[in-house]
Amino acid sequence: MPSDITLSAATRQNLLSLQDTAALLATTQSRLATQKKVNSALDNPVNYFAAQGMSARSADLLSLMDGISNGIQTIQAANQGITRIQGLVDSAKSTAQQALAVQNTASGSTATGAVVAAASGKSLLGGGTGAAADGTHDYSGATTASIFTLTDNFGNSATITLDRAHLAPSAKDVSKVTSAEILTQINQQLGQAGGFATASLTNDGRLTFTSTLTGSDAKVTIGGGSAANTVDVGFGTGSITTVSATGIDATDGSAKASVTGAAITALGAASNFDLTSGDASITVQLGNGLTKTINLNKTADATLGVATLKAQDIAGAINRQLNADTGISGKVIATYDNTAGTVSLRTTSAGGDQKLTVTSAAASTKDIGFGVGGDATKARIGAGAGATAANGTNQRAALAQQFNDLLTQISMAAQDARFQGVNLLYRSGSDPKENTLHMTFNEKDTSYLDIKGVKFDSAGLGITQSTGNFATNDEVKGALSQLMNASSTLRSQASTFGSNLTVIQNRQSFTKSIINILDVGANNLTIADLNEETANQNALSLRNSLGISALSLANQAQQGILQLLRG
């Protein structure tokens, strides 16, 4: 067994110093090679694991950046789709407006109203009515007046009173009232009575009344008068002999929209329909828009508070409420058949654009032929007829086909607005989850944004294809209304997607900043100062050289002993 080697204290100290220097030099060279001062948990466990956590989160966030970028592209694809769809909707609007401008024409004549005119020679301009030479009438007397009554076939009535009190506010001189001033006052009073007739003058100055209703069931009757009727405006003074006229039906093939309720026995000749404790209200819709609820009860109309009503009474009550509503007055009228016990409603205008829908109102507990509240089985829909041999039919049909083709293109554009398999503008079903885009903003998915997709094909936008070849104005107007709503929906959704895009872009920038902060933080905990480490290496190299020299000097004494032994 070899004996232990004995080194001098100086030699051993120099060896230890060289070993330390070599270890430090190895550490410095490692730092220079890796550019890190912490390469493992042995170097600095606290900094090492803290840096590892930051680097791991940075990598997780970096992996989300691709999804965020794809989300931005998906929204941009949807926005492009909306822009193209809006262009197609605008084209469809233009097509519908062209169809509306094409008027159906036909041979024959349209229906005319009832016309009652003053007899020949009864001119307000001075002939046969007691007018002054200049064609004016004197209403300055306290008892001077022209009074007569106009009625039609549907319960409308107006008593026209021309006297000093009525004419003074508008006439320049009540002692010289012109025919124009008389005409203005008459039309004003007719308007206050519902406008069921209008007044005009013939070329020879005769006062004429024309019903606003047309057809053979339109009628105007002039009568009344009394001893107070002292000024003749063409129909005499005192008590007036009744004068009537009826309208003429159309010969061009057009027809009004008409609906007749089911026969109700109690409304017939027995006359025992009872509304003293009930409600028979109905809802009347003209076309696809204007709606009027007719309240048929004793609260709304005292004349209905008896137990012996018949169809005539119900029709009269309906007409009174229709005439009182300036929106529907003169457009819809009610008629009756006391023998059959039926109540009917019809439009006053004829043509293919006329449509009338009558249903029972929600509060209705009594049936007048249209059911009771909640009963849809007796609802009635009537449509008018357009003129025969209409020249515009083919043009409208072609425009309707063009309109339908545009709707098909809208659906195709919506289906093609996808990116990476995600389409925010189309789904096959009705569940929004089908095309909802989920954007994740952090590694735990606790920060996210769900972008709900929509269904923007023609059906999803509420635009229906033309099934009637745009034959009626009502159909065209309905299509235009749908297109207007679709445009509003598209603009609203574009704004929503724009807001979503702003959020995602902000989160993209924010995530990039967080990744940078984490990387810098991790580097700050582990990176080496190359200047410092270079200086350390130079110093350690010098120390190593000096240590070697010192070790050589420490061994000189032993070398001297060796020389003595050799001598």
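Two strands are said to pair if DSSP finds at least two bridges between them, and strands of a sheet pair through backbone hydrogen bonds, either parallel or antiparallel. In this predicted model, 3 strands form an open sheet in the order β8-β12-β11, and their pairing is antiparallel. A further open sheet has 4 strands in the order β10-β9-β13-β14, again with antiparallel pairing. The points below take up these sheets, the helix α5 that packs on them, and a cavity.

**The sheet of 3 strands**

- The edges of the sheet β8-β12-β11 are taken by β8 (256-260) and β11 (332-337), each of which has a single partner strand, so one side of each is left without a neighbour in the sheet.
- From one strand to the next, the twist of this sheet averages 20°.
- Strand β12 (residues 342-350) pairs with β11 in the antiparallel sense, and the two are joined over 6 bridges.
- Within this pairing, A334 has L345 in β12 as its bridge partner.
- Helix α5 (residues 311-324) packs on the sheet and touches both β11 and β12, while the direction of the helix makes about 175° with that of β11.

**The sheet of 4 strands**

- In the sheet β10-β9-β13-β14, the strands at the edges are β10 (290-294) and β14 (380-383), and each has a single partner strand, so one side of each is left without a neighbour in the sheet.
- The twist here averages 15° from one strand to the next.
- Strand β13 (residues 355-360) and β14 run antiparallel and are joined by 4 bridges, and L356 stands opposite G382 in β14.
- Helix α5 also lies across β9 (282-286) and β10, where the helix runs at about 135° to β10.

**The cavity**

- The count comes to 1 cavity when a volume of 30 Å³ or more is required, and the largest cavity holds about 50 Å³ of space.
- The residues that line the largest cavity are D152, N156, G194, G195, F196, T212, L213, N323, S329, G330 and I333.
- Sorted by class, this lining has 3 nonpolar, 7 polar and 1 charged residues.
- Domain 2 (113-246) and domain 3 (258-383) each supply at least three residues to the lining of the largest cavity.
- Among the lining residues are N323 and I333; N323 falls in helix α5 (residues 311-324), and I333 falls in strand β11 (332-337).

How values were computed
Residues numbered from 1 in each chain as written. Predicted model: local features only at pLDDT ≥ 70, side-chain atom pairs only at ≥ 80, totals over all residues. Heavy atoms only, no water. 1 Å grid on protein atoms, 1.4 Å probe; cavity = no way out; pocket = protein on both sides within 12 Å on 5 of 7 lines; lining within 4 Å. Points joined across faces, edges and corners; volume = space filled by probe spheres on them. Nonpolar A, V, L, I, M, F, W, Y, C, P; charged D, E, K, R; others polar. Domains from an automatic or database assignment. Axes fitted to C-alpha atoms, helices over the stretch in contact; angles between N-to-C directions. Contact = heavy atoms within 4.5 Å.
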